[in-house]
Amino acid sequence: MPDAQLDTIRRFHQVTLKDGRVTPGQVDIARHEHLYLFDRLELHGKSLLDIGCWDGYFSFMAEQRGARRVLSLDDPAFRWGGLDGYNFLHQHFQSTAEWRKGSIFELPDERFDIVLCYGVLYHLGDPLAAMINCFHAALQEVVFEGVIYDSDLPTLFLIAPHELDGDPTNVYAMSTGYLEKVAAMCGFARVDCQMRRYASTALRRFFRKASPRTDRAAMRFRRIADLTPNYRASCFSVPPKALLGRTAP
């Protein structure tokens, strides 16, 4: 493996390679798996859809931990970095994961035991349709991570262009209550939540107010029923697949 190839590819994920070297990247995901609830997933024998996979850390780790099928979904046109990072790791790990260009608004017809949606929802103008698609695609569990603040009220918080980290692609923060309400309409119940700690002690965390602009969290949901929200498809610019061909009462 040429050192030049290791060092010149622009990456988001830091990944430990088989020889112990670590790829350059912005985020050491391995140290922070708990912030994505990834370390709590039972992956052996499961099929997994990784939406917004970027360099593929979660796809390749799922495969190494026994997932029988992994589909990595992304579109490099929506982000920086291209496909070189993913392709490099795919070859290095001799992976059988499948990469596919796609959108959360047009997911594959296939359904998966587990659906991962990390760092995606807050970049979307229609997170409701996106979430319905994720829940519909999941047979067992869905895990979201993103700009999520702790509130029982089912609310969205609009982010102006460049308001958060100078990034014009950030659109909505959402409350934990919002995700739970959408999940319930889709037949899922919350089983886990990991809020990032922004205060040093339990007492300070208790009195700290939620900050929609900056708080992040991961939430894990499990299917308990086969439900689809009774919205009309006409409510959406790109209707969720589960609503197509149905007539709401």
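Colleague: How much space lies in the largest cavity?

Modeller: About 40 Å³. Keep in mind that this is a predicted model.

Colleague: And how many cavities of 30 Å³ or more are there?

Modeller: The count comes to one.

Colleague: Which residues line the largest cavity?

Modeller: Leu121, Tyr122, Glu145, Gly146, Val147, Ile148, Tyr172 and Met174. Two elements, β5 and β8 (172–175), each give two or more residues to that lining. By class, the lining has six nonpolar residues, one polar and one charged.

Colleague: Glu145 is on that list. Which arginine has its closest N and O atoms 2.9 Å from glutamate 145 in a salt bridge?

Modeller: Arginine 216. Arginine 216 sits in the loop between α6 and β10 (217–223), while glutamate 145 is in strand β5, so the salt bridge ties together parts that are 71 residues apart in sequence.

Colleague: Are arginine 216 and glutamate 145 buried or exposed?

Modeller: Both are buried. For glutamate 145, the relative accessible area is 2%.

Colleague: What does glutamate 145 do with arginine 196?

Modeller: They form a salt bridge too, with the closest N and O atoms 3.2 Å apart. That pair also links distant parts of the chain. Glutamate 145 is in strand β5 (residues 138–146). Arginine 196 is in the loop between β9 (188–195) and α6 (202–207), and the two are 51 residues apart. Arginine 196 is partly exposed, at 23% relative accessible area.

Colleague: How many salt bridges turn up in the whole structure?

Modeller: The search finds 16. Some share partners: Arg40, Glu141, Asp192, Arg220 and Arg222 are joined into one network that way.

Colleague: What about arginine 79? Which residue is its salt-bridge partner?

Modeller: Aspartate 74. Their closest N and O atoms are 2.9 Å apart. Arginine 79 counts as buried, at 14% relative accessibility. Aspartate 74 counts as buried as well, at 9%.

Colleague: New topic: pockets. What is the volume of the largest one?

Modeller: About 1200 Å³. There are 41 residues lining that pocket.

Colleague: Which of them are closest to the centre of the largest pocket?

Modeller: Trp54, Gly119, Val120, Tyr122 and His123. Tyr122 also lines the largest cavity.

Colleague: What do strands β1 and β2 supply?

Modeller: β1 (47–51) and β2 (69–74) each supply at least two residues of the pocket lining.

Colleague: How does the lining of the largest pocket split by class?

Modeller: It has 20 nonpolar, 11 polar and 10 charged residues.

Colleague: Last topic: cysteines. How many disulfides does a search of the whole structure find?

Modeller: Zero. Take cysteine 53: its nearest cysteine sulfur is that of cysteine 117, 12 Å away.

Colleague: And cysteine 117? How far away is the nearest cysteine sulfur?

Modeller: It is 4.1 Å away, and belongs to cysteine 134.

Colleague: Why is cysteine 117 not in a disulfide, then?

Modeller: The cut-off is a sulfur pair within 2.5 Å, and the nearest sulfur is 4.1 Å away, so cysteine 117 is in no disulfide.

Colleague: Are cysteines 53 and 117 buried or exposed?

Modeller: Cysteine 53 is buried, with a relative accessible area of 1%. Cysteine 117 is buried too, at 0%.

Technical notes: Residues numbered from 1 in each chain as written. Predicted model: local features only at pLDDT ≥ 70, side-chain atom pairs only at ≥ 80, totals over all residues. Heavy atoms only, no water. Buried < 20%, exposed > 50% of the residue type's maximum accessible area, 1.4 Å probe, protein only. 1 Å grid on protein atoms, 1.4 Å probe; cavity = no way out; pocket = protein on both sides within 12 Å on 5 of 7 lines; lining within 4 Å. Points joined across faces, edges and corners; volume = space filled by probe spheres on them. Helix = DSSP H or I, 4+ residues; strand = E, 2+ residues; numbered from the N terminus. Nonpolar A, V, L, I, M, F, W, Y, C, P; charged D, E, K, R; others polar. Salt bridge = Lys/Arg side-chain N within 4 Å of Asp/Glu carboxyl O.
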